Amino acid sequence: MAILATKLKEVLYSVLPITFIVLVLHFTVAPLEGPMLWKFLLGAAFVIAGLSIFLFGAEIGVGQVGTLLGSALTKTNKAWIVAASGFGLGFLISVAEPDLHILAGQVESVTSGVVSRWAIVIAVSLGIGVLIAFGLLRIVYNRLLRNLFAVVYAIILVLGLFSTSEFVAIAFDASGATTGAMTVPFLLALGLGVAGLKGSASDEDSFGLSGVASAGAIVGVLLMSLLSPPATLQGSLPSGGEVTSIFASYPHELPVVAYEVFLALSPLIVLFLVFQARAFKLSKRAFTRILKGLGYTFVGLVLFLTGVNAGFMEIGSVVGHSVASAGNKWLPIMVGFILGMVVILAEPAVHVLNRQAEDVTSGYIRGNLIVIALSLGVALAVALSMARIMVPGLQLWHFLLPGYVISIALMFFVPNLFVGIAFDAGGVASGPMTATFILAFAQGVAEATPGADVLRDGFGIIAMVAMAPLIALQILGFIYKIKSAKGGMKSVDS
């Protein structure tokens, strides 16, 4: 239970600051009418309980499965088995990612069902499966991560030129949302399991798989938009009507969410059982512990998604609408900056990445430096996203194109280890709080801003958050490289 207590503490640090900001806004510029505040607080309680249980289950269940599968795949010494298994694992873990379902549900809601949730989930999962296969082959054949990223993002640039601005925003949002609380621990463990059998190169190769998955999500959505373009898209927030009851939406959401989570997790559980019978041969105690972890994962996901759907996200859009309607054009930007800093300072998955970065470098890369760089980068990204909504003519590609050009260029000047950490952090930074409250907040701001569109301008904020670490951490890596050359720090360059 010590692990569960630790996870609860991490989640409290993540959710309570957002809750405190909502309370401050409620008593100042964005009062919540009727029982809406209590509905939000109940949703926050569900999110805290669910995310704590989920992260506990992910650590003792999903993470362990990832490490075992990575080691088992590499021992086969057959590249095609590694690639095929990487595709299957990438697809299955993406289908089970809660942040992706939240984003896909928002897309379906805002487009009035023109773009279905499962279309987004399947397209993203296919893209991730393909890129995870290439990512594992890169580790096996000891190829440089920067070369893979350069090729993939060149493909993304070409696809983006032929896609609509709405789908570009959704695609880049999916890249951040898909590497959330489920996917990050699994992919970190999978990459560590494969790289751990290679000896000296394992430090560098154990990072980067989450970043590769993020790129796969972009490719999947952009290809979907080109191969089967939907009808003309128009976006607006659905009217939720007047809130008259605190509890009314929870009994409706709970069974629906439970069924969907069961469908999402079932393939992963079956896969684990098959590998246990054929390859793992775990002891009864270890086998039972992982099964319990998967059970906790199910319960946590159900509680988390129920809280998100029944109360948490709705209030995010209401607060965003109220802040944008207050008459001060700078207020959404200032609130966005604070939200960005608070979210990344306490994002649970950031701690997972920080610990692994310290572990594989024997403490030479300090986790607190990563957090500082991430907090400043993400705060600026959210503030710029608010400015994009408020200022007519500013588009998402005005930020993403130069941002990714800078990111790709930096890869050739920083240590390889920092390249992997930076691209992994892009997915880590855009975790549950970004995919829920901040996304809803941005859509509320877009709905209240004259000339803005919820679909075109409300989406894209996850993409901005996911891009910020690519630049911030690679700049940190460049500084690290300069200091290493002066003899002040251990060199990690290849």
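Start with the lining of the largest cavity: select H10, helix H17 (416-429) and helix H20 (461-485), each of which supplies at least two of its residues. The model is predicted. Which helix gives the largest share of this lining? H17 does, with three residues.

Stay with the cavity. The space in it is about 60 Å³. Ten residues line it, and the closest to its centre are Tyr153, Ser214, Tyr404, Ala466 and Leu470. Show those five as sticks. How does the lining divide by class? Five residues are nonpolar, five are polar and none is charged. The count of cavities of 30 Å³ or more comes to one.

**Next stop: H7 and H20**

Keep H20 on screen and add H7. Their axes lie 7 Å apart, and the packing angle is about 55 degrees. H7 and H20 are therefore oblique to each other. Is the crossing left-handed or right-handed? H7 and H20 cross in a left-handed sense.

Now select the contact residues. On H7, pick Phe172, Asp173, Gly176 and Ala177. On H20, pick Ile461, Ile462, Ala463 and Ala466, which they meet. By class, this contact holds six nonpolar residues, one polar and one charged. Ala466 is worth a second look: this H20 residue takes part in the contact with H7, and Ala466 is also among the residues closest to the centre of the largest cavity.

**Swing over to H7 and H10**

Hide H20 and bring up helix H10 (residues 209-227). H7 and H10 pack at about 150 degrees, with axes 7 Å apart. Why call them roughly antiparallel? Angles over 145 degrees count as roughly antiparallel, so H7 and H10 fall in that class. H7 passes H10 in a right-handed crossing.

Select the H7 side of this contact: Phe167, Val168, Ile170, Ala171, Phe172, Ala174 and Ser175. Then take the H10 side: Ser214, Ala217, Ile218, Val221, Leu222, Met224 and Ser225. Eleven of the contact residues are nonpolar, three are polar and none is charged. Two links to earlier stops are worth a label. Phe172 of H7 takes part here, and Phe172 also belongs to the H7 contact with H20. Ser214 of H10 takes part here too, and Ser214 is one of the residues closest to the centre of the largest cavity.

**On to H5 and H10**

Keep H10. Add helix H5 (residues 117-140). The two pack at about 135 degrees, with axes 7 Å apart. H5 and H10 are therefore oblique to each other. Their crossing is right-handed.

Select Ala119, Ile120, Ala123, Val124, Gly127, Ile128, Leu131, Ile132, Gly135 and Leu136 on H5. They meet Leu209, Val212, Ala213, Gly216, Ala217, Gly220, Val221 and Met224 on H10. By class, the contact has 14 nonpolar residues, four polar and no charged. Ala217, Val221 and Met224 of H10 touch H5, and these three H10 residues also appear in the contact with H7.

**Last stop: the second largest pocket**

Which residues lie closest to the centre of the second largest pocket? Val168, Leu396, Trp397, Leu400 and Leu401 do, out of 33 that line the pocket. The volume of this pocket is about 650 Å³.

Colour the helices that supply at least two lining residues each: helix H6 (145-161), helix H7 (165-177), helix H15 (367-390), helix H16 (396-410) and helix H19 (454-458). By class, the pocket lining has 23 nonpolar, seven polar and three charged residues. Finish on Val168: this residue is among those closest to the pocket centre, and Val168 of H7 also takes part in the contact with H10.

How values were computed
Residues are numbered from 1 along each chain as its sequence is written. This is a predicted model: local features need pLDDT of at least 70, side-chain atom pairs count only at pLDDT 80 or more; totals for chains, interfaces and linings use all residues. Side-chain values use heavy atoms; hydrogens and water are left out. Axes are lines fitted to C-alpha atoms, for helices over the stretch in contact, and angles run from 0 to 180 degrees between N-to-C directions. Helices (H or I, at least four residues) and strands (E, at least two) are DSSP runs, numbered from the N terminus. Angles under 35 degrees count as roughly parallel, over 145 as roughly antiparallel, 65 to 115 as roughly perpendicular and the rest as oblique. A crossing is left-handed if the near helix is turned anticlockwise from the far one by less than a right angle, and right-handed if clockwise. Contact means heavy atoms within 4.5 Å. Ala, Val, Leu, Ile, Met, Phe, Trp, Tyr, Cys and Pro count as nonpolar, Asp, Glu, Lys and Arg as charged, and the others, Gly among them, as polar. On a 1 Å grid over the protein atoms alone, a cavity is a set of points where a 1.4 Å probe fits but cannot get out, and a pocket is an open set with protein on both sides within 12 Å along at least five of seven lines; lining residues have an atom within 4 Å of a point. Grid points are joined across faces, edges and corners, and a volume is the space filled by probe spheres set on the points.
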